[in-house]
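Grab a pencil and let's work through a few exercises together. Try each task yourself before you read the solution.

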Amino acid sequence: MAASTKVIALESPTQTGEWTVVLPRKGRHRRNSRKITIAKGQQQEQQPWVPTDLEIDPERQSKLMHKMQACMKKIENSQFFLAFLDQMQIPKVLNHFHRVLGSESQLQMVIYGIGSIESHETPRLQLSLALLMKRKFSWIGDIEVFDPVLSATESQVLEDLGCSILSLNEQGRREAKKSTLFFMPHCEAELYNNLLQANWGVESLNRIALFGNSFETYEQHVSFKYYDQEVSLMNSSVAESVTHILAARRFIDEFRIETISDGYFAAFHDSSWHFFNLACENELQLN
């Protein structure tokens with residue numbers, strides 16, 4: 001399915017010296033436009049993390065588990081999921097998974113930026129897809145999850161569903177020392193860029209399968225509209241947030257996800273599988 005046409009708008013800087021990048025959606029989905037905040041000169045460091053609320057609410061836990069079970073059932077019985085599984089098993093996609101696996105028996109799954117699964121259906125749908133993938137394919141291994149917005153109750157439900165919660169905010173900078181599936185639907189551009197930067201080498205990138213925002217879409221919109229003027233992305237203050245994304249397009253095989261119906265648009269629109277296919281270090285030049 002063709003990607004929706006977008007204009008990436010660069011708003012004026014905030015009082016804290018940050019720029020906000022807005023990716024508007026067409027039609028009735030526009031009100032849900034995502035914002036990416038980029039702090040100029042901010043040093044991103046991995047930091048220990050615990051939920052701000054340390055108490056687990058049993059009533060909320062029970063209700064949330066019921067919501068997750070209902071959401072998983074909804075996806076499992078949908079045409080969207082059947083089409084998703086069919087795409088994963090076509091030879092050219094399955095061959096990429098086998099190549100990423102190499103001599104290992106399973107792909108570890110790391111989920112970044114899932115959002116609040118208690119407050120919103122979209123994160124529940126995204127998490128449900130990841131859990132159903134693990135249930136369907138024996139070559140998908142343990143699941144680790146991190147989002148700084150997760151509450152203690154949400155963390156407990158995730159653990160009850162078989163996931164592990166990271167105690168460190170890695171800022172997306174996980175080095176793939178073994179075959180890894182990064183599940184990052186609708187994350188900020190900075191997180192994808194951080195992940196690529198941390199793995200900017202032939203061996204590491206070839207060990208990664210990535211589910212997330214279409215890198216092709218990023219490449220198609222390499223300029224920002226600032227008021228009535230077009231500003232080149234590579235000359236802007238946010239260029240560093242997509243440098244590795246754009247450079248990686250040279251050696252990525254990307255497969256777009258079909259959302260099938262409006263019921264799954266919000267959770268999976270403009271999402272793709274990305275596989276890195278590198279032969280030598282010379283392909284890693286950023287310019």
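A charge sits over a ring if NZ of Lys or CZ of Arg is within 6 Å of the ring centre and within 35 degrees of the ring normal. Keep in mind that this is a predicted model.

**Exercise 1.** Find the ring that the charged end of Lys 74 sits over.

*Solution.* Start at the charged end of Lys 74 and look for the ring beneath: that ring belongs to Tyr 264, with its centre 5.8 Å away. Tyr 264 is also one member of a cluster linked by ring pairs, which includes Trp 139, Phe 183 and Trp 273.

**Exercise 2.** Decide how the rings of Phe 80 and Phe 268 are arranged.

*Solution.* First, the setting: the structure holds 19 aromatic pairs. Next, take the centres, 4.8 Å apart, and the planes, at 20°. Planes under 30 degrees apart count as stacked, so this pair is stacked. Now place the partners: Phe 80 lies in helix H2 and Phe 268 in helix H10, so the pair ties together parts that are 188 residues apart in sequence. Both Phe 80 and Phe 268 are buried.

**Exercise 3.** Do the same for Phe 84 and Phe 211.

*Solution.* Here the centres are 6.1 Å apart and the planes make 75°, an edge-to-face pair. Phe 84 is in helix H2 and Phe 211 in strand S10, 127 residues apart. Buried means under 20% relative accessible area, so Phe 84, at 2%, counts as buried, and Phe 211, at 0%, does too.

**Exercise 4.** Work out why helix H6 is largely enclosed by the rest of the structure.

*Solution.* Go through residues 189-198: the buried ones include Tyr 192 and Leu 195. In total, 7 of the 10 residues are buried, so H6 is largely enclosed.

Methods: Residues are numbered from 1 along each chain as its sequence is written. This is a predicted model: local features need pLDDT of at least 70, side-chain atom pairs count only at pLDDT 80 or more; totals for chains, interfaces and linings use all residues. Side-chain values use heavy atoms; hydrogens and water are left out. Buried means under 20% relative accessible area, exposed over 50%, partly exposed in between (1.4 Å probe, protein chains only). Helices (H or I, at least four residues) and strands (E, at least two) are DSSP runs, numbered from the N terminus. Rings of Phe, Tyr and Trp (its six-membered ring) pair if their centres lie within 6.5 Å; planes under 30 degrees apart count as stacked, over 60 as edge-to-face and the rest as tilted.
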